[in-house]
Amino acid sequence: VSQLAAAKAAKKNVVSTPANSSSVIKNALINANALSAQAFYLPYVALAAVTIKKILDTPSRAYVDGANTVGSEYDAWTEEGILEYYWGEHIHLGWYEDEDLANGAGTLLGNDVTDFKEAKFAFVDKMCDWSIQDLFGKQPANILDVGCGIGGASRHLAKRYGNGTTVTGITLSPNQRDRATELAKEQNVPNAEFKVMNALEMTFPDDTFDAVWACESGEHMPDKKKYVEEMIRVLKPGGVLVVATWCQRDADETKNPFTEDEKKNLQFLYEEWAHPYFVSYEEYERLMRNTHVMEKVQGENWVKNTIASWRHSIWVGVWDPWPVVFAGPRIWYKTIREIVTLERMHRAFDRGLMTYGLIKGRKKEEIVRDKDDAFYSW
């Protein structure tokens, strides 16, 4: 309105300007017309901005129980190849050393301080040292990778331990299984194998694996208790379970409940990337302990050395945009949605709404099974 008023005033001034001031008249008319055009288009620009924001703020990939939502999403991502191009073989967060973070690792200008893909393998080694090496202390004969993706961590562990260790990865996505198998052959990693299997209904016998490894799969599980119990079921006595997973903060309805804004943010994060819900890493500790067959259970928040991954994944695309540019409009739209979600994830972790939970424990060597306890029915 103010711009329209200014335009009218400018035109009025032009009318009263002496005739010999032609250049002044011309410039005034140009300015007046520009102001009028700006005022005309401004509401449409504002409407477009509001519409785009509403679209991006509306979750598009909610978890649907029984519909294999997770497997279908990962099938699509694997087939497109964009995620693998940018994130590499290990499609999870990476580890950034304190010194590298101080030098700007993971930022736009510090994009090359820490290699984005190598940071992920550094994370696998940190997670392995913290769990299998600490609580098992010897070479495991077999490892189960629950929610293996395209097998980056599985192959890395298979290479690390070498002959004498077999790593089995399971996923809900046939495309991921096929790509993981293909990469194992290309890299000559014969001691890594991959299967399509539901982590909540595994077909492995009881007490099968020396170590059970779960990196960022718990987020997708509709039953966290069943998830933990099933992994413990297939774990040998003396074996180690380690879980790395995105978690929400430990909330108590009476002491520190979620605010309405936090609930809204969590709901978006649930429904944009096919997550049924999150729990706290403290809750994972409780779930492990409540089985009564686990010892040395411990949980930690590793957000400090992993949070840089969220924005780093955006900056690698800024520095190398061409695979997305040439992929076409559908991928452009999907990439924009991913960027928005990555930033929202970063902010949720930065504000303490989300934590990056690492939880480990060892299965007791001697277990007294109570036939009346449903968990011990296996």
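Here is a short walk through the enclosed cavities and the cysteines of this predicted model.

Let's start inside the protein. Two cavities of 30 Å³ or more turn up. The largest holds about 60 Å³ of space. If you would like to find it in the viewer, look for Glu-89, His-90, Ile-91 and His-92, together with Asp-145, Gly-147, Cys-148, Gly-149, Ile-150, Gly-152, Ala-153 and Cys-215, which line the largest cavity. By residue class, that lining comprises five nonpolar, five polar and two charged residues.

Now move to the second largest cavity, with a volume of about 50 Å³. Around it you will find Trp-77, Thr-78, Gly-81, Leu-83, Glu-84, Ile-91, Ile-150 and Gln-176. Helix 3 (69-80) and helix 4 (82-87) are the elements that contribute two or more residues to this lining. Four of the lining residues of the second largest cavity are nonpolar, three are polar and one is charged. Ile-91 and Ile-150 are worth picking out here, since they appear in the linings of both cavities.

From the cavities we can turn to the cysteines. The whole structure contains zero disulfides. Cys-128 takes part in none, and the nearest cysteine sulfur, in Cys-215, lies 12 Å away. Cys-128 is also buried, with a relative accessible area of 0%.

What about Cys-215, which we met in the lining of the largest cavity? Its closest cysteine sulfur belongs to Cys-148 and is 11 Å away, so the two are too far apart for a bond. Cys-215 is buried as well, at a relative accessible area of 2%. Cys-148, too, is among the residues lining the largest cavity.

Notes
Residues numbered from 1 in each chain as written. Predicted model: local features only at pLDDT ≥ 70, side-chain atom pairs only at ≥ 80, totals over all residues. Heavy atoms only, no water. 1 Å grid on protein atoms, 1.4 Å probe; cavity = no way out; pocket = protein on both sides within 12 Å on 5 of 7 lines; lining within 4 Å. Points joined across faces, edges and corners; volume = space filled by probe spheres on them. Nonpolar A, V, L, I, M, F, W, Y, C, P; charged D, E, K, R; others polar. Helix = DSSP H or I, 4+ residues; strand = E, 2+ residues; numbered from the N terminus. Disulfide = S-S within 2.5 Å. Buried < 20%, exposed > 50% of the residue type's maximum accessible area, 1.4 Å probe, protein only.
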